[in-house]
Amino acid sequence: MTSGTRGPRGPYRTGIKTREQIVVAAAKAFGEKGYRAASLRQIAADVGLSPAALLRHFERKEDLLAAVLNWWEDETAHRENPDLKGLRAIDQLRTSMAYHLEHRGLLELFITLTAEAANPEHPARDFVQRRYAQVVRTKTDQLLQAVQSGEIPPLTEAEAEADVRALLAVMDGLELQWLLNPDMDLVGTFDRYLDHALTCWRAGARPIL
C-alpha cells in the first residue's frame, strides 16, 4: 500500500479525532441538558480539553451545534430502503423504532432539540423544520404511491398529508413516553398502531388516533 492511500497522519489526524470526540461529547450534553444549558466548558472537560483548546476547533457554540446536527444526520441515515414504494416503504417506520432501542442517545438529542426549536430564536430551528418537512413530504408521497398502485382506495394529497402527520405525532409521542419510561414496549406499541393505520388505509378508512 502506498502512503497516498493511508489517509491523514500526525497532527492533522489527531485534530480530526479530537474534533470527532468534541462533537460526540456535545451531542451527549445537548441531548441530556439541552443546547442552552450545556456549557462549552463542561463539553471541553468531558474530552479532556481546556475551553481554549475546544475553541480552536469550534469558535462558536452555534458552530458546534451545526456539527452535531450533521453528525446526527450521518448516524441516522440509511435506515430505510429507498427502493421500496407505497405501503412497504411506510412499513419501514418499524425499523426506525427498533433503531431507537440501541441508540437512545440519538433519540434524546433529537427530541430535546426539537422541543427547544419551538423557540423561533433557537439555532436548530431551521434544521428541525427542514427535517420534519422532508419526512412529511417523503411519507406523503409514499402513501400516494399506494393509491396510484391500487394498494389502497383513493386519498387526496391533503388527506394523505394529514394522516402522515398524525402517524408522525404518534411516533413522537411514543418516543417521548419511552424516554421517560424505558420499560414501555416502544416497538410493540408502535407496531400495533401502524398495523391499525395500514388496515384502515386498505379498507378505505382513515386511521383513528
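Which residues do ring pairs link into a cluster? In this predicted model, the cluster consists of Trp72, Phe110, Phe127 and Tyr132, joined by ring pairs. Its setting is described below, beginning with the fold as a whole.

The chain contains 10 helices and zero strands, and its elements accordingly read α-α-α-α-α-α-α-α-α-α from the N terminus on. The C-alpha trace spans about 60 × 45 × 35 Å along its principal axes. Of the 209 residues in the chain, 41% are buried. Among contacts with a separation of 6 or more, 64% are made by residues 24 or more positions apart. Confidence in the prediction averages a pLDDT of 92 over the chain, and 94% of the residues score at least 70. Residues 1-5 stay under a pLDDT of 50, and for this segment the model has one contact beyond four places in sequence.

A search of the whole structure yields four aromatic pairs. One of them joins Trp72 and Phe127 in an edge-to-face arrangement, with 6.2 Å between the ring centres and 85° between the planes. Because Trp72 belongs to helix H4 (residues 61-76) and Phe127 to helix H8 (residues 125-148), this pair ties together parts that are 55 residues apart in sequence. Both Trp72 and Phe127 are buried. A further pair, formed by Phe110 and Tyr132, is tilted, with a centre-to-centre distance of 6.2 Å and an angle of 35° between the planes. This pair also links distant parts of the chain, since Phe110 lies in helix H7 (residues 104-116) and Tyr132 in helix H8, 22 residues apart. How do the two residues of this pair stand in terms of burial, and at what relative accessibility? Phe110 counts as buried because its relative accessibility is 14%, a value under the 20% limit. Tyr132, at 26% relative accessibility, counts as partly exposed.

Two contacts between a charge and a ring were also identified. The charged end of Lys61 sits over the ring of Tyr35, at 4.7 Å from the ring centre. Arg104 lies over the face of Trp178, with a distance of 5.4 Å to the centre of the ring.

The largest pocket encloses about 840 Å³ of space. It is lined by 33 residues, of which Arg79, Glu80, Ser96, Arg131 and Val135 are the closest to its centre. Two or more lining residues come from each of H4, helix H6 (93-102), H7, H8 and helix H9 (157-180). Helix H8 gives the most to this lining, with nine residues.

Helix H8 also contains Thr140. Is this residue buried or exposed? Thr140 is buried, because its relative accessible area is 1%. Apart from neighbours within four places in sequence, Thr140 is in contact with Glu157, Ala160, Glu161 and Val164.

Helix H8 thus recurs throughout this description. Phe127 of H8 pairs with Trp72 of H4, Tyr132 of H8 is linked to Phe110 of H7, and nine residues of H8 line the largest pocket.

Methods:
Residues numbered from 1 in each chain as written. Predicted model: local features only at pLDDT ≥ 70, side-chain atom pairs only at ≥ 80, totals over all residues. Heavy atoms only, no water. Phe/Tyr/Trp six-rings, centres within 6.5 Å; stacked < 30°, edge-to-face > 60°. Helix = DSSP H or I, 4+ residues; strand = E, 2+ residues; numbered from the N terminus. Buried < 20%, exposed > 50% of the residue type's maximum accessible area, 1.4 Å probe, protein only. Lys NZ or Arg CZ within 6 Å of the ring centre and 35° of its normal. pLDDT = per-residue confidence, 0-100. Contact = heavy atoms within 4.5 Å. 1 Å grid on protein atoms, 1.4 Å probe; cavity = no way out; pocket = protein on both sides within 12 Å on 5 of 7 lines; lining within 4 Å. Points joined across faces, edges and corners; volume = space filled by probe spheres on them.
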